[in-house]
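Here is a short briefing to read with the structure open beside you. Take it one topic at a time and look up each residue as you go.

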Amino acid sequence: MRLFFTCIALFFLKSLFFLYSLKSQRLICQLDDPARSPREHHTDFEWLEATLRFRPEIGLVIGEVEHTFSWIRDGIDTLFLDAPKIKIQAVESQGKPLSFKMTEAGVIIRFPEPSKTGRQEKITLRYEALPRKGLYFIGWQDAGGASRRQIWSQGQGIDNRYWLPMYDEMNDKIRTRLRIYFDTAYAVLSNGKLARKELQKDGTYLWEYVMEKPHAPYLIMLGIGRYTIKNSTASSGIPLHMYMYPDRLNDFETTFKNNKEIFDFMEKEVGVPYPWPAYSQIPVQEYIYGAMENTSATVFGDFFIVDKRAFHDRNYIAVNAHELAHQWFGDLVTARSARHHWLQESFATYYNWLYESEFFGQDHYDWNRRQAQVAALNEGTKNTFPIAHSQAGSTRHYPKGAFVLHMLSAFVGKENYQRAIRRYLQTHAYGNVTSDDLLKAFHDELGLGLEWFWDQWIYGGGEPKLEVSETTETGWHIVQIQQVQDGAGVARPFRLPLQMDVYYENGQKQRLTHWMDSLKTEIRVPLRSGARVVCVVVDPGNTLLRDLRHEKSTETLKFQTLKAEHMLDRWDALVALREKEFPQKKEFLQEVFKRETFWALKGEAIKQLMKNFPRDAAVQKLWKSALRSSDNALRKEAVAALETVESSDLFEDLLALADIPDASYGLLESALRLLAKRNTGLAKNFREKIWPLCEHPNAASLKVALWEVSYGLEPQKAAQAIDELLALAASDKEFRTRIAAFQALSRLRYFGEKALDSAVQAYLSTNMRLSGAVATYLKEGLRTNQFSRRQLEIAAERFPSFEGKEKLLEELWLK
């Protein structure tokens, strides 16, 4: 009896220690996060009404903004609004001027009498701004007219303050009304409902957009350009507006493929009606990210406008679903502070995975999860920030958090997960949320205490690292699992609901479930009469985000490759066989290629075959079938399989890719570069066959490759190739084309003075992706003394309108 109570006491103490360690992680996470608390404020902003005019040729905003707010504290006689570098001309309340003082960060407004809680105020500010952030003027200084002319905003994180004086934080939501006066040749888009569009005496249109539901200030948007607008209606009756460049209408269907289906899927999957009056999507030039989920109006980079070839390289499907999901997760409910940013990005990523599963299939969904796991584990080697942390980084806020939601759904069950999510969204609609609000929704809806899940996956950092070994003794097959993860803030142990598939030589399979809540565990599997265990798969289908090491024999790996239920388990075994030699390996890999349907496994099989048996006729036949497949991803794997082959008649087969109507530009570029390394004669023939394709806007990277390859193929055309690459790097070209061109010039070791103006202009650009890529080019030129510091300074002097260029150049020297 004494021993019994001693065991109970030890178990109780062990449980307390486990819970204490997790609670300590939550406390450490909170204390270490500089954004653990939202920004303080003493007002509740209710309405923002702005009237805007522009002088786009100089990037000037001429504005008037009216704020309606209520005091939430007594005795305050000043109000601070974010307005960096904005020139405030006047501030008024009820027609009377208010005194104000400008600071580097904004404006301090003084009121004639102290605040009283609940008292409503209205103030109006007249101002001018020349924003370098938040609002972007594209193409208005392009004298040649090659660039589109647009104005578009990007408010996230806190950049709308550069063109709208406002309280610019996510923890206070407002209703908005924007009135924009602009040239009648252009379309204007903003949040909410288009309340009126009126022709003015000066020949402009007045566009008035009203958002009658509260949303976060960073979600205020503006998009102006020349567009054709196509409309449709969701099954729920929500109007859908799709903006497209008039000269790219041939690419409308491939760009907005399944747009209505995505919307209908998301409303059904989320289970809460779309919360805004309409949904618009608008492409813009020079966009600095992929897309942005502004309330009711998503902006996306025009590099997602694709034809049927480019669709296979980069399409809008996942991004479309991601930004739409944000209309609930981020817009309807918004994180209270940056610490809870994962509540927006992880959810949007998880839901775009769910639609991708619907569109591309379950294997694609699982492949997304595997890439997320690899990225999360790599990130974990740098630091162990939890996903609920402002410094967690994109890898944790996007893919790792999405994987955590996958685990959460798998643990509680999909229907239960959906019930809890509906409660979460409905309870906090049009408000702000924290990670604990989501936890409470699961508890209130399902009665589940999931603190342990939150503490180790959301408030705790790191991932479980599992080492698995197997032994056999009379009557038993024993699987030993040990957790070996380490690091600050990492759970030791993780509490894991493990599943395990046991395969027997008689063809039977058994699935076991085991809770692992200690660093070591042993699972004893009773052997069935005369049935030997031939394979054990721990965590089948990779449901858990983990690093798993499980040494297996060649025979076991072969069995798993052919017989495991889940694609990821078959993939793991196939990859583990890369360097293993065994009889009939060729026949085995041929069987894998024929059995599998997912491109990654078929591609891995064909690459192993070509590496080991490149001259075998049957293998070459399979390779040709992969190259001519209808699956563009498999075609790319077939081209990659030739990288290990020095010479072969198969190189000539690559020429046929030019005749496949939907062969992607990326695929053609890969084939061209491979031929240039292996067979220059065939490379010249292939170049001539694909050259006509390069006039399409999506083929810019291929065009760069053609000129780069031509530089080496025909020395007499080297000077022409450099000139063409310099033209592709010029400021009137799309930024992704410019990046590719500068990278090609760097590989060709060209750092001539002809490149300087374009390179310096690109480096000073507000487009961070362009600036960052060109910085690498300039640094290499400086490092090799091809450029001098004085040359760069002289080039920069030719761009006097670039504010802060001295600081940027100094950063370049330091880098």
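What follows covers the cores, some helix packing and a few backbone details. Please keep in mind that this is a predicted model. The largest nonpolar core has 137 residues, and helix α5 gives the most to this core. Further along the chain, helix α12 is mostly covered.

**Nonpolar cores**

- Within the largest nonpolar core, with its 137 residues, Tyr351 and Phe442 touch the most other members.
- Helix α5, spanning residues 342-360, is the top contributor to this core, with 9 residues.
- A second core lies apart from this one and has 110 residues, including Phe54, Phe111, Ile180 and Ala741.
- If you click on Tyr351 and leave aside its neighbours within four places in sequence, you will find contacts with Met266, Glu269, Val270, Ala325, Phe329, Tyr417 and Ile421.

**Helix α12 and its surroundings**

- Helix α12 covers residues 567-576, and 7 of its 10 residues are buried.
- Those buried residues are Met567, Leu568, Asp569, Arg570, Trp571, Ala573 and Leu574.
- They pack against four helices and a strand, namely α6 (362-380), α11 (554-563), α13 (585-595), α14 (599-612) and β28 (533-538).
- Thr561 sits in helix α11 and is buried, with a relative accessible area of 1%.
- Thr561 and Leu574 are 13 residues apart in sequence, while their C-alpha atoms are 5.6 Å apart in space.
- Beyond its neighbours within four places in sequence, Thr561 is in contact with Arg570, Ala573, Leu574, Leu577, Phe588, Val592 and Glu596.

**Helices α14 and α16**

- Two packed helices are described by the angle between their axes and the distance between the axes.
- For α14 and helix α16 (residues 632-641), the axes come within 9 Å and cross at roughly 15 degrees.
- An angle under 35 degrees counts as roughly parallel, so α14 and α16 are roughly parallel to each other.
- The crossing of α14 and α16 is right-handed.
- On the α14 side, the contact is made by Trp599, Lys602, Gly603, Glu604, Ile606, Lys607 and Met610, and on the α16 side by Ala633, Leu634, Glu637, Ala640 and Ala641.
- Sorted by class, the contact of α14 with α16 has 7 nonpolar, 1 polar and 4 charged residues.

**Helices α16 and α17**

- The axes of α16 and α17 come within 10 Å and cross at roughly 10 degrees, and these helices are therefore roughly parallel to each other.
- From α16, the contact uses Asn632, Arg635, Lys636 and Val639; from α17, it uses Gly666, Leu667, Ser670, Ala671 and Leu674.
- The contact of α16 with α17 divides into 4 nonpolar, 3 polar and 2 charged residues.

**Helices α17 and α18**

- Helix α17 (residues 665-678) and helix α18 (residues 680-690) have axes that come within 7 Å and cross at roughly 155 degrees.
- Angles over 145 degrees count as roughly antiparallel, so α17 and α18 are roughly antiparallel to each other.
- The crossing in which α17 passes α18 is left-handed.
- Leu668, Ala671, Leu672, Leu675, Ala676 and Arg678 of α17 make the contact with Thr680, Leu682, Ala683, Phe686, Arg687 and Ile690 of α18.
- The class count for the contact of α17 with α18 is 9 nonpolar, 1 polar and 2 charged residues.

**Backbone details to look at**

- The peptide bond from Gln156 to Gly157 is cis, with omega near 0 degrees, and Gly157 lies in the loop between β10 (150-153) and β11 (174-183).
- Another cis peptide bond runs from Arg492 to Pro493, with omega near 5 degrees, and Pro493 is in the loop between β24 (476-483) and β25 (496-504).
- Asn542, a residue other than glycine, has a positive phi near 55 degrees.
- You can find Asn542 in the loop between β28 and β29 (547-550), where Asn542 is buried with a relative accessible area of 1%.
- Gln584 also has a positive phi, near 60 degrees, and is placed in the loop between α12 and α13.
- Gln584 is exposed, with a relative accessible area of 56%.

Conventions: Residues are numbered from 1 along each chain as its sequence is written. This is a predicted model: local features need pLDDT of at least 70, side-chain atom pairs count only at pLDDT 80 or more; totals for chains, interfaces and linings use all residues. Side-chain values use heavy atoms; hydrogens and water are left out. A nonpolar core is a set of buried Ala, Val, Leu, Ile, Met, Phe, Trp, Tyr and Cys residues joined through side-chain atoms within 4.5 Å. Buried means under 20% relative accessible area, exposed over 50%, partly exposed in between (1.4 Å probe, protein chains only). Helices (H or I, at least four residues) and strands (E, at least two) are DSSP runs, numbered from the N terminus. Contact means heavy atoms within 4.5 Å. Axes are lines fitted to C-alpha atoms, for helices over the stretch in contact, and angles run from 0 to 180 degrees between N-to-C directions. Angles under 35 degrees count as roughly parallel, over 145 as roughly antiparallel, 65 to 115 as roughly perpendicular and the rest as oblique. A crossing is left-handed if the near helix is turned anticlockwise from the far one by less than a right angle, and right-handed if clockwise. Ala, Val, Leu, Ile, Met, Phe, Trp, Tyr, Cys and Pro count as nonpolar, Asp, Glu, Lys and Arg as charged, and the others, Gly among them, as polar.
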